[in-house]
Amino acid sequence: MLERLGRAVARRRGLVLALWAVLLVAGAVLGGAVFDRTQPIADAPVGSESALADAWLTEVTTPAGEEPEGELVSAVISGRDFFDPALVESATAVMAELRAIPGVVDVYDAYTAGGLMSDDGQSSLVTVELDPALDDEEALAVADQVAATLDTVDAPEVLVGGELLAERAFVDRSLTDAAVGESIALAVLLVVLVVVLGGLRVGALPVLAALATIAVALLVLSGLLGVVPVNEFAVNVVTLLGLGLAVDYALLVVARFREERALTPDAAVEDLVGRSVATAGRAVLVSGVAVGIALTGLLLLGDPLLSGMAVGGAVVVLVATVAGLTLVPALVATWHRHVPATGVRTWSRPWGRRAGTAAGTGAAAGTGATRGDRTGGGDRTAGGEHPTSGRAGLLGRLAGFAQRHAVLVTLGATAALLVLAAPLGSLTLGSSEVRSLPADAEERRAYEALTTDFSDLGVEPVTVILGAPVDDPRVPDFLDEAAALPGVADAGLNLDAVDPDVTVAELTPAGDATGAEAQQIVRDVRELRDARFGVGDAQSLAVQVTGPAADVVDTQAQLVQRLPLALGVVVLATFLLLLALTRSVVVPVKALLLNGLTIAATLGALTAIFGWGWGEGVLGFDSWGALDVTTPLLLCLLVFGLSMDYEVFLLARITEEWRRRDPAEDPRVANDRAVLRGITATGPVVTTAAVAITIVFLGFAIGDVVAMKEVGVGMAIAVVLDVTVVRGLLLPATMTLLGRWNWWPGRAGSSGGAGVVSGSGVASGDDARVASADDAGVASAGVSAGAGRVYHPRARSSRAPARPATTRPTPAETPAPGAASPSGSSPR
């Protein structure tokens with residue numbers, strides 16, 4: 001089916017490109033609407049205790065007949081003595097102007113309303129309450145007018161902030177950082193791809209596919225806004241995954257097209273594209289499903305922020321997969337004359353070999369072979385080119401090393417990843433809030449001034465609401481015990497409560513408002529409540545806890561509660577997907593374990609860099625001692641999806657090689673050769689894709705918003721670890737150790753699929769082609785495909801094998817130049 005699709009796309013490439021061009025223009029014009037129609041994110045999960053308590057708090061602190069408090073804009077006036085006559089006169093006039101602004105309900109300041117002065121007498125606080133009837137856009141417009149008016153105060157420094165302005169600053173900075181990061185990443189990516197792929201058009205092909213994917217995904221996302229809620233950060237996921245996956249898929253298709261063309265240079269372009277899509281397209285399809293499964297896990301977690309990201313991610317994965325199966329083959333068919341052979345010298349790659357010369361050294365190069373000769377010298381095209389370029393890339397060399405030292409590599413690589421994962425034991429989660437903004441952001445500076453210069457304010461407290469008046473004997477007893485809990489720096493009553501039958505208390509934590517101490521206070525107060533006023537107890541009393549720390553605790557609790565379901569669905573679906581791909585039980589289990597190591601090592605490294613502050617100087621941020629509460633799970637599932645992306649690329653080729661083995665051959669020899677061939681053939685694609693997507697992730701990491709840095713740096717670390725340590729070392733080492741058991745429960749003597757070579761040397765099944773580009777025994781220079789061992793299995797058949805083993809032959813076994821194949825097969 002995929003081959004027919006590829007042929008159809010190649011034949012009608014003009015129509016396919018025209019349709020994608022229309023979608024691209026529509027996405028560029030209409031897709032921007034998604035930015036204006038996103039929905040805000042609640043601080044706490046719907047129905048959680050903190051959300052219910054916050055609603056109760058609003059009710060008991062709002063006088064009868066009045067509306068709840070509106071949005072607040074805060075300002076700190078500093079840099080001059082509070083009693084300076086000129087400052088007093090200027091500030092008094094400005095306060096009067098503020099009260100005259102439509103949409104301002106109240107102004108609370110130290111000059112005209114008895115507000116707060118700082119501890120050193122050099123600053124004062126202004127709090128402006130906005131009309132609660134204003135919607136978000138109207139409130140922001142009034143807040144901007146308030147900020148502009150406050151800036152006219154005759155003081156050296158006026159810092160304006162508040163939750164409303166801080167949230168907008170966070171979103172604006174995130175989108176700006178993403179746009180700048182994307183622009184830089186695209187420019188660098190284009191240069192890298194032009195150099196690596198050998199030309200401007202072939203280098204631009206993956207970038208064009210990525211831009212089309214992003215534009216169309218935004219178009220689809222804008223159409224879904226009326227059906228599912230989408231937040232601003234879904235757009236960041238669209239660009240992040242759109243760039244990464246589209247480039248990956250384009251590289252895979254282009255690489256396979258080169259191999260097919262090298263095997264049959266005289267074939268029609270429709271045939272070449274069809275065969276390329278038949279093989280690479282299968283990997284693209286399986287990879288898209290794998291990443292989509294991981295995003296389904298995000299959706300099942302039920303968090304509003306992660307759910308919005310999951311929706312955006314699912315859309316872009318679908319579009320990227322369709323682009324990889326249609327747009328990329330159409331571009332390849334159109335520009336096939338501008339796709340140079342692998343390793344050939346071009347204007348952008350002057351160090352390459354000249355066209356028509358031998359393609360490298362090592363076992364794959366061979367000598368004196370003719371096109372179609374499969375005697376161990378390697379497949380050759382009419383021009384002498386080996387389809388896979390002969391020279392093993394980074395992953396091929398790592399795989400050869402890992403196979404020679406399988407036990408040491410397995411133990412050493414696993415130990416290294418576990419060391420990287422060790423900091424996870426001290427992982428602290430919190431709500432980054434305004435602290436995720438850069439240190440020079442006005443909103444963050446205003447927040448820090450509020451919490452450090454005014455001892456009467458301090459950090460936001462943990463709020464405890466009790467359904468009894470303060471003179472009830474149970475209330476003071478409970479509050480005394482709560483005030484004595486570890487981590488409580490101060491305690492007091494909230495006098496804003498207007499309901500005499502309700503008591504509101506505030507416990508100020510010793511650290512940050514959402515730090516570990518504050519979160520523990522929330523847990524301790526709830527445990528104390530359950531112990532004293534259990535369900536059915538005669539002394540039962542309604543007690544609820546809210547505040548920023550409670551929001552974080554409840555968010556964590558919901559994520560932990562739903563995590564088993566999400567992980568179970570992801571793991572089971574991924575296992576079944578890999579089972580269908582490889583027809584093995586062992587390979588999917590091993591892949592899941594390796595992905596777990598990648599995730600653990602990534603989160604451990606991220607904890608050290610951001611939680612411990614090890615990366616402050618290099619990355620330019622101020623650590624606040626924790627990671628954002630949603631970052632680990634977001635990274636967990638994104639890393640899982642992308643790791644499985646590379647796993648599928650490699651396993652698809654390894655499985656293909658395993659199914660082409662000679663049934664009479666020693667299964668261990670066949671396994672080792674299949675692993676090395678598959679990694680060597682697909683390794684350059686995976687390496688280039690990893691470099692490309694790492695550039696994209698680092699583009700996101702150069703921004704100022706710490707939460708964006710966490711995701712960008714975390715994904716970059718994950719890709720580097722996964723491609724080198726996990727796929728380059730652990731994958732071949734463990735598959736070498738497992739040997740024939742990799743393919744359990746398959747039968748040892750069965751090749752298990754189409755394309756099996758019979759004893760006569762003729763391919764059986766629907767795949768009439770005997771071998772693909774790397775069937776000739778591609779291996780790293782000087783390394784046998786038997787992982788450094790020379791196997792001499794006992795003969796189990798009187799027939800000469802149709803496909804030679806790629807263990808190093810003895811001199812007597814090496815055919816003379818131009819000799820006929822032992823199998824008697826004729827050239828293609």
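The exercises below work through a predicted model, moving from the whole chain to one helix and one strand.

**Exercise 1.** Determine how many helices and strands the chain has, and what percentage of its residues is buried.

*Solution.* Begin with the secondary structure, which comes to 22 helices and 10 strands. Next, take burial as under 20% relative accessible area; by that criterion, buried residues make up 57% of the 828 residues in the chain. Finally, turn to the surface, where the accessible area comes to about 32,600 Å², with 61% of it belonging to carbon and sulfur atoms.

**Exercise 2.** Compare the span of helix α10 with the expected value, identify the residue that caps its N-terminal end, and explain why α10 counts as largely enclosed.

*Solution.* Helix α10 covers residues 304-325, and its 22 residues reach 32 Å from the first C-alpha to the last, which is close to the 32 Å expected at 1.5 Å a residue. At the N-terminal end the cap is D303, of which a side-chain oxygen lies 3.1 Å from the backbone nitrogen of L306. As to enclosure, 18 of the 22 residues of α10 are buried, and the helix is therefore largely enclosed by the rest of the structure.

**Exercise 3.** Establish which strands pair with β8, and decide whether β8 is largely enclosed or not.

*Solution.* Strand β6 (residues 462-466) pairs with β8 in the antiparallel sense over 5 bridges, and within this pairing I465 has V504 of β8 as its bridge partner. Strand β7 (residues 488-493) likewise pairs with β8 in the antiparallel sense over 5 bridges, with G492 standing opposite E506 in β8. Because 5 of the 7 residues of β8 (residues 503-509) are buried, this strand is largely enclosed by the rest of the structure.

How values were computed
Residues numbered from 1 in each chain as written. Predicted model: local features only at pLDDT ≥ 70, side-chain atom pairs only at ≥ 80, totals over all residues. Heavy atoms only, no water. Helix = DSSP H or I, 4+ residues; strand = E, 2+ residues; numbered from the N terminus. Expected span 1.5 Å × (residues − 1). Buried < 20%, exposed > 50% of the residue type's maximum accessible area, 1.4 Å probe, protein only. Polar contact = N/O pair within 3.5 Å; in protein donor to acceptor, adjacent residues only side chain to side chain. Areas by Shrake-Rupley, 256 points an atom, 1.4 Å probe, with all protein chains shown as cover. Pairing = 2+ DSSP bridges.
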